[in-house]
Amino acid sequence: MELAYIPSPSHGVLYLGPIPLRGYAFCIIIGVFVAVWLGNKRWIARGGRAGTVADIAVWAVPFGLVGGRLYHVITDYELYFSEGRDWVDAFKVWQGGLGIWGAVALGAVGAWIGARRRGVPLPAYADAVAPGIAFAQAIGRWGNWFNQELYGRETHVPWALHITSSEGGRVPGYYHPTFLYESLWCIGVALLVMWADRRFRLGHGRAFALYVAAYCVGRGWIEYMRVDDAHHILGLRLNDWTALIVFLLAAAYFVVSAKKRPGRETVVEPAAAADASGEAADGTGTDAGDGDRTGAAERTAAAKTGDGAGDGRTGGKAGDQGAAKDPEGAGDDAAAETEPAAAAKDEAESAKKG
């Protein structure tokens, strides 16, 4: 008897009256919201407008869902088009089956359309949303837990996944929880990209390339553990070959981009940069206006001071003119000043006579 294991849900859908609430769909929706929220914060930090990431996601997400489903249906066509199968099931996305390779590829096409409509460079947008996509994958993988699918080889480790369903050829038992491994790996990839982007200021799509390359490394060894049916080429699962090729392409882009366009974009959204320039210009004009008013006040005070000095000079001139008009008064003052000297002279003469 197993002492510890990860239990599987008895069913992956709840009903709210006639409305089905599917765990797989909820995981996808929550992942999309997290990716847009984090991408918006990173976009604003790079100098973009709030809401731009969501506007472009309106194009990227539907394209990504279609691309992910197409990749799954094409690579596992026998599940829908072989004898005894119903091809209508190919449209039942809620039952699981979204290939990340197709989701990213066609989602990039939708993002390119949205970015062109907003006048935004796609590489800068991809750098902003890269960690959010990794977090979205980490959340979305729990949809496989609800559907009891995409598990690994049989094991007896304490964290083994207990599969209870026997539908679709499943054999109940304890298996490696590859959905959990990939979820944890995606969280690590997101943190790695955020750290490297902050440390090395990655730009021109290199943060996104790092996300792709790091994810492919983890997907390679996790895919190797899975036991679900898959096409093999030269002994390797198809997704292993896809991961290898995509890794090489992402690594090559990272190296070439770093040589041709080092550094990070200075402007990621021209409209936001224009808004910032306009606000700065308005602030400068206000300061200049305050300076003009201060200068005018200083000039007024100086003028008033000058008037006072002028009044003093005018008063001095008036006094001089008054003295010129009254020479007798001036003479009286001079006589008053010589009277003591005359008295002293009379006294001296009297002394001689005596």
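**Hairpin, aromatic pairs and a charged pocket**

In the hairpin formed by β2 and β3, Gly17 adopts a positive phi near 70°. Two residues separate the strands of this hairpin. The model is predicted. Strand β2 covers residues 13-16 and strand β3 residues 19-22. The two strands pair in the antiparallel sense, over four bridges. Leu16 faces a partner across the hairpin: Ile19 in β3 stands opposite. In a regular strand, side chains point alternately to one face of the sheet and the other.

Aromatic contacts were searched for over the whole structure, and twelve pairs were found. One of the twelve joins Tyr5 and Tyr174. Their ring centres lie 5.4 Å apart and their planes meet at 65°. The angle is over 60 degrees, so the pair counts as edge-to-face. Tyr5 sits in the segment before β1 (6-7). Tyr174 belongs to strand β5 (residues 173-175). The two residues are 169 residues apart in sequence, so the pair ties together distant parts. Tyr5 is partly exposed, because its relative accessible area of 36% falls between the limits of 20% and 50%.

A further edge-to-face pair is made by Trp43 and Tyr125. Here the distance is 6.2 Å centre to centre, with 65° between the planes. Trp43 lies in helix α1 (residues 23-45), and Tyr125 in helix α5 (residues 122-140). The pair thus links distant parts of the chain, 82 residues apart. Both Trp43 and Tyr125 are buried. Aromatic rings also gather into a cluster. Ring pairs connect its members, Trp142, Trp145, Phe146 and Phe179.

Helix α1 also contributes to a pocket. This pocket is the second largest, with a volume of about 270 Å³. Two elements, α1 and α7 (178-200), each give two or more residues to its lining. The largest contribution comes from α1, with four residues. Among the lining residues are Leu38, Lys41, Arg42 and Ala45. Met194, Asp197 and Arg198 line the second largest pocket too. The lining further includes Arg46, Arg201, Arg264, Glu265 and Val268. By class, eight lining residues are charged and four are nonpolar. No polar residue takes part in the lining of the second largest pocket.

Key: Residues are numbered from 1 along each chain as its sequence is written. This is a predicted model: local features need pLDDT of at least 70, side-chain atom pairs count only at pLDDT 80 or more; totals for chains, interfaces and linings use all residues. Side-chain values use heavy atoms; hydrogens and water are left out. Rings of Phe, Tyr and Trp (its six-membered ring) pair if their centres lie within 6.5 Å; planes under 30 degrees apart count as stacked, over 60 as edge-to-face and the rest as tilted. Buried means under 20% relative accessible area, exposed over 50%, partly exposed in between (1.4 Å probe, protein chains only). On a 1 Å grid over the protein atoms alone, a cavity is a set of points where a 1.4 Å probe fits but cannot get out, and a pocket is an open set with protein on both sides within 12 Å along at least five of seven lines; lining residues have an atom within 4 Å of a point. Grid points are joined across faces, edges and corners, and a volume is the space filled by probe spheres set on the points. Ala, Val, Leu, Ile, Met, Phe, Trp, Tyr, Cys and Pro count as nonpolar, Asp, Glu, Lys and Arg as charged, and the others, Gly among them, as polar. Two strands pair if DSSP finds at least two bridges between them.
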